[in-house]
Amino acid sequence: MEGVNRITARGKFFRDGEACFFVKAVSFGPFPPDEEGRTLPVGGDLQRDLQGLKELGANALRVYEVPSLDFVDCCLQMGLRVLIGIPWSQHVDFLQDDAVIEEARKMLRETVERFHGHPGVLAYLVGNEIPATLVRWMGAEKVRKVLESLIRYGRSIDPGAMFAYANYPTSEYLMVRNADFAAFNIYLEDREVFTRYLRHLQNVAGDLPLLLTEFGVDSQYHGEGVQAEILSWHVQACCRSGVAGTTVYAFSDRWYRGGREILEWDFGLLRRDGSRKLAFDRLQTAWSGIKSPADGIGRESGLSFSVIVCTYRGGLTLAECLLSLTKINYPDYEVLLINDGADEGVAEITKGFPSIRYIEMDHGGLSAARNLGAHEATGDVLVYTDDDCTADEQWLLYLAEGFAEGDFAAMGGPNISPKPVNLEQACVVASPGGPAHVLLNDEQAEHIPGCNLAVKKEAFEAIGGFREEFWTAGDDVDFCWRLQNYGYRIGFHGAAMVWHYRRFRIRDYLRQQAGYGRAEAMLIPRHPDRFGAIGGARWQGFVYDQAFASDIGGSARIYQGPFGYAPFQSIYSSGTWGWAYVVSSFQWVLLALVCGVVGFIFPLAALMSVLMLAATGITAVGFGVKAKLSEPFGGLRARLIVSFLALIQPLNRGMRRYLGSLRYARLPTSLPSINKPLLFPRLGWWRRSLRFDLWSEEGLIRDDLLSSLQNKWRDEGIQFSIGDGWRSWDLEVLSSVLWSIRMVTVTEYHADNKCLTLVRLQGRPNFMTLAVRFTAILAGGLMWRFGGGSLWLGVLLLLLFMAPTVVRRLQLSRVKKSIKEAALSMGFKLVK
């Protein structure tokens, strides 16, 4: 349709052209089929329903089956965009059957080709709530790669379309890295809990908009009055949290699933007879007048802001920065530009912005300029940003909202890199070391970068402002740490965003990292307790950077709960240095080079040097492979460049930090804390598994099997343990001194209450297995070195080495037999 824009995602919000677009969606169908088997209405029935959605104030609807082109055309004519879910068999172990993934690709291709370029399509959802126990069974990283491949495939057909995966709290960690927005289905009826979880999801979403793709209340259970109340306050909670949109589940109580109409609950805004519930009217009122999330905040802070921009010869992006600051949607603010060094080019640019207070000073460095700005400011809150930043129009509103929500002396938000325009920029954006916030929890920060830092003036004056010895970097880190030393708290709001250009050239990026290293050297004597033994900052919180919430591995862990049933399965930081950090450090490489020199005398040291440098190189390549590169710059060349930068950056920054801090050097009192699972990688040589499937016509599931096995093994005196939730297994049987057998299960739900339970057994070596094999290897090595022994002794040592493998196979078969007996006695049928 001519003159209608496609909705796009930019920063933390959606856009209709240049205007912010708050998604107000309702899930629509599938309904009980008509005489022709259609589960979506057509003709007059469709017009009636769409008219009702328009009266509600909705601007979008979500469908779970692929609609017709006429359906989407009718929706767009009524001002409604369509969020299309791609239906495929995602409730089964699709990694074991290529035909299932091919089915998904085929459905995706046909759907995207049908609606190619259509402005009525809001986005495509390539999946919806893959069961967390199934994700646990298949492996989260493998599942994510499948979803990412589907998004890449869909985007290759229609590059202008938006794609995402509809996640839910039980598999929160399954964040798809190439999605255009973060999509979550949430059902929480407590307002405080709901609001708190939205703050958390904003941080999980990172630089992406957060869209609720389902939120609803069952009026059959809670009552229509409670349903109306919850749907009303959830809109305001979304707006105050800066959520980009919400989808109310559902339009009608008439809902069709699994071959039948669902009568056990009523989530609809309309009753089954088509009459409107109270929730329809309350939601209509809540959505009225809301075009952007900030329109629904509904309160004024009473704070006045002074936005301070300090620049030193920063003319390249300054005009764009100042223009954005004149368009901010806030009733009481001023903008001050501090020209550090009295650059004539800066003065000339500022003449085009008469509303901005212009102040010149002799070149004194960044901290001195920021202190001068604070002295000249008249606002209650000092807000700092950089000359290479542009502010979102709602920036100050969400900073004010953050201050209103807690007792904070300072506040900040994310700084997001604009989409790069060339390969070099894309590589710099994806490389490590960029400005990142550090959070103690979802609402409190340990550090906020100076490009998006607001502080109340009384707190600023109480700690004496910025230390002026910091000329180019490090001042914000020192400032935040001193605020906390004085007992002040720093807040964070995930929607208070600014756009922050990274360095445009690799040369400038490396120069910036060297500057960061020198600044860290200055910080060490002032905050010695905040730096570790090998020089890096020792943060108490979690560093939110490009890799956060997208790296399921690494030094973070997932708590999935016993049997994988934890309702909120989040990524938790281990709080320790990972192996990648250690092997990338300047000290590690320096030690490797020293070993190389010593290797000219002792060859073993040369081998150690090669292995150490190989570990450094492999870590850098791994970063390049996993880096989040903006399309279309995700090719091999870009990843090689990012790998190179990931290799050079910690060496460049670490060397500057190390050399600059030599005069403050101190001997470490302890070894650095390293995440043990990464220091001793689980190579998986012992993970030979045995799998079989159990079918039930009566709806028996894994819970029934696990409960029966626990009773059986207790009666038989078999030692076993239940998974603690941090590991991806259900039960572990101590079957011998050599092996423990771990059991993992998942249930696939099929039509007519039929279920398929998958069982996998894995052997885990105990200490005795490692001791036996080490003894065999050591004896064999000694025999080879000194030339003793015989052929029969060699064969004996080989048999000794292989003995644990034979025992493992026997133990797996024994445990399988025990499980099979229990399952058959319950009514399961063995499939394979």
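## Starting at Q587

Let's start with one residue, Q587. Its relative accessible area is 23%, so Q587 counts as partly exposed: the class runs from 20% to 50%. You'll find Q587 in helix α19, which covers residues 586-598. Keep in mind that what you're looking at is a predicted model.

Now pick out K754 as well. How far apart are Q587 and K754, in sequence and in space? Along the sequence, 167 residues separate them, and from C-alpha to C-alpha the gap in space is 59 Å.

## The whole chain

Zoom out, and the chain shows 25 helices and 34 strands. Its radius of gyration is 30 Å, while the globule rule gives 28 Å for 832 residues; the two values are close, so the chain is as compact as a globular protein of that length. Along its principal axes, the C-alpha trace spans about 90 × 85 × 45 Å.

What share of the 832 residues is buried? Buried residues make up 54% of them. Contacts tell you about the fold too: take those with a separation of 6 or more, and 74% of them join residues 24 or more positions apart.

## Surface and charge

On the outside, the chain exposes about 36500 Å², and 57% of that area comes from carbon and sulfur atoms.

As for charges, the chain has 88 positive and 90 negative ones. Work out the mean position of each set, and the two points lie 9 Å apart.

## A little three-stranded sheet

Here's a piece you can trace by eye: an open sheet of three strands, in the order β18-β25-β20, with mixed pairing. Why is one side of β18 and of β20 left without a neighbour in the sheet? Both β18 (389-391) and β20 (415-416) stand at the edges with a single partner strand each, so one side of each has no neighbour there.

Look at the pairing of β18 with β25, which covers residues 498-500. These two strands run in the antiparallel sense and pair over three bridges. To find your place, look for C389, which stands opposite H500 in β25.

## Two cis peptide bonds

Time for some backbone oddities. Most residues other than glycine have a negative phi, and most peptide bonds are trans. With that in mind, check the bond between G29 and P30: it is cis, with omega at about 0°. P30 sits in the loop that links β4 (23-27) to α1 (43-56).

Where is the cis bond with an omega of about 15°? That one joins Y249 and A250. A250 is also in a loop, this time between β11 (245-248) and β12 (256-257).

## Two positive phi angles

Next up are residues that go against the usual sign of phi. E129 is not a glycine, yet its phi is positive, at about 50°. Its place is the loop between β7 (121-128) and α4 (132-138). Is E129 buried or partly exposed? Its relative accessibility is 27%, so E129 counts as partly exposed.

A342 is another residue other than glycine with a positive phi, near 50°. It lies in the loop between β15 (333-340) and α11 (344-350). With a relative accessible area of 31%, A342 is partly exposed.

Methods. Residues numbered from 1 in each chain as written. Predicted model: local features only at pLDDT ≥ 70, side-chain atom pairs only at ≥ 80, totals over all residues. Heavy atoms only, no water. Pairing = 2+ DSSP bridges. Helix = DSSP H or I, 4+ residues; strand = E, 2+ residues; numbered from the N terminus. Rg over C-alpha atoms; globule rule 2.2 N^0.38 Å. Buried < 20%, exposed > 50% of the residue type's maximum accessible area, 1.4 Å probe, protein only. Contact = heavy atoms within 4.5 Å. Areas by Shrake-Rupley, 256 points an atom, 1.4 Å probe, with all protein chains shown as cover. Lys, Arg positive; Asp, Glu negative; His and termini not counted. Charge placed at Lys NZ, Arg CZ, Asp CG, Glu CD.
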